[in-house]
Each structure stands twice: as C-alpha cells, then as structure tokens.
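Trainee: Could you take me on a close look at a single part of this model? I would like to see how one residue sits among its neighbours, and then how that part fits into the whole.

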Amino acid sequence: MSAIRYELARARSLRATWWGALALIALAAGSTWVAVRQAGAAPIGSGEVANLLTAGPGHTPVLVPAIMLAIALACAHEQRRDALPTLFLALPRRDRVFLAKVVGTALAAALVAVVAVGADLATARAVFGPTFPDLAAIDPPAPRILVGFVGYVVLAAVLGLGVGVLSRGAPLVAVVVAALPAGAERLIAAAIRAGVPPAQRDLVRYLPFRAADRMLVVGEGGGAWSPLVDGAALAGLTGVVAVLAMVTFRRRRA
C-alpha cells in the first residue's frame, strides 16, 4: 500500500499528469461531438446513446490509442535513469514498485474514462437537448457498454505502461503501439482474409482490439458474459506485456 500511495502522490504532484488527463478528456469529448454531428438525428435507444458516448460502435474509441500513447511516453523520464535511483532508494522492492505502477495506472485510467464519459454526455446533451441523458437509462445495453468502455481504457492504459517500461518510453515505439488498433491489426486482418480459407477467416474476430471493440456494440456475443469474453484477448495481451515489463523492470539498473 505504501508503494501505491507513493505512486499516486507522485502522479498528483506532476503538472504533466493533470494536463495529460485534461487533454485526453477533451479529445474524447471532441470525438463524441464529431459522432453526434454525423448521427444527425437523436438516438432512439440506450445502446445507441452509449455508442455515441464512446464514439462507436464498431471501431476503437479514440481514447484507447491516445491513453496508450500518453502513458508509454510518460515512462520516458523515469525509465531513462533520471529518476530510477531515487525511486529505488525510496522503495527498494522492485516487484512491489511495478505492481504499484500498474494499480496506479489502472485507477487513473478508470477515473479518466469515467470523467470522459461525463464530458461526452455533456457534449451530446448540448447537441440533442436535455432529454438525451434519459435515454441512457431505458435499457440494459447502455450500462454494459459504458462499463466495457471503462474496462477497455484501463486495459489500454496498463498495456501502454508495459510498453513504456520495456521501451524506456521511446517515442517511436509508443507511436507504433498506439497505432496497433487502426494500423497493424487492420494489416493482419487483411492478410488473414487474403491468405486463409474462408472457413478460418473468423480468426479476425479474435484479434485483441477487434474483439475488445465488440464490448461496445449492442447485440454482439452471447449474454451477460460476452463483454468478459470479448475483452479476454486484449486482457491476455496486456497481461503478457505487463509480466515482461515487470521482469525487465526488476533487472533494470538504476
């Protein structure tokens, strides 16, 4: 707990943390404004409301690659040995330090996602009028989609942390990883469709970000467990990267 408190206090004390969070929230609100302007007419169901608030459906929310990039780049100063000696002097148990970083990142990402949903709601309400928020409580899809959105952002943030630790915050690596949803996964999907028999092309559905995107779509999957199933691929990728990052962090010289 002391390591977690240390990480949270350090993050709160950095001005870049607050500016970065505000930039991410503004970016999410901007993407929702574009989505509601393109929609043209007020949505008629809670699922459609939730899709507008997450700037979906059917594609990765802009907040996901943005928070991956921001957190991966935020690792640059510390992981380039500028701050590691002080950190390890204050908290010598490296495993606990890394786990504290994961917990702190997850908590911060969840808070950013929740505030971003509030900002998105205010943006959509300004376009559609005061009755818009009431539509989000009509049917179960909206809460499920919004919870899935928060989980999606948290996984992306932890993945960004792992990449930042492994790469020491290298800008090029951070940009490449942040481009995975719209870049590498699309190329992989195109290669699968072009190079495998039709019966096996369903593999595209199980690519990490493609599967996680379905957490934000009404009518996908099967029942109450579908969001967990859809997020499993991204959770697995995030877990593998986090473990590799922890091993690297443990052996890194201050």
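**A close look at T238**

Mentor: Happy to! Buried residues make up 45% of the 254 residues in the protein chain, and please keep in mind that this is a predicted model. The chain has 13 helices and 0 strands, so its secondary structure reads as α elements from the N terminus on, by the DSSP assignment of helices and strands. Of the contacts with a separation of 6 or more, 81% join residues 24 or more positions apart.

Now to our residue. T238 belongs to helix 13, which covers residues 226–251. Is T238 buried or exposed? T238 counts as buried because its relative accessibility is 5%, and the cut-off for buried is under 20%. A polar atom of the T238 side chain lies 2.8 Å from the backbone oxygen of L234. Leaving aside residues up to four places away in sequence, T238 touches L155, V158 and L159.

For contrast, let us turn to the surface. W33, in helix 2 (residues 15–39), has a relative accessible area of 45%. W33 is therefore partly exposed, since that value falls between the 20% and 50% limits. Together with V34 and V127, W33 makes a nonpolar surface patch of about 250 Å². For the chain overall, about 12,900 Å² is exposed, and carbon and sulfur atoms supply 68% of that area.

Conventions. Residues are numbered from 1 along each chain as its sequence is written. This is a predicted model: local features need pLDDT of at least 70, side-chain atom pairs count only at pLDDT 80 or more; totals for chains, interfaces and linings use all residues. Side-chain values use heavy atoms; hydrogens and water are left out. Patches are made of residues with over 30% relative accessible area and no salt bridge: like charges are joined within 9 Å, nonpolar side chains (Val, Leu, Ile, Met, Phe, Trp, Tyr) within 5 Å. Accessible areas come from the Shrake-Rupley method with a 1.4 Å probe; for residues, only the protein chains shown count as cover. A salt bridge is a side-chain nitrogen of Lys or Arg within 4 Å of a carboxyl oxygen of Asp or Glu. Helices (H or I, at least four residues) and strands (E, at least two) are DSSP runs, numbered from the N terminus. Buried means under 20% relative accessible area, exposed over 50%, partly exposed in between (1.4 Å probe, protein chains only). A polar contact is a pair of N or O atoms within 3.5 Å; within protein, one must be able to donate a hydrogen and the other to accept it, and residues adjacent in sequence count only if both atoms are side-chain atoms. Contact means heavy atoms within 4.5 Å.
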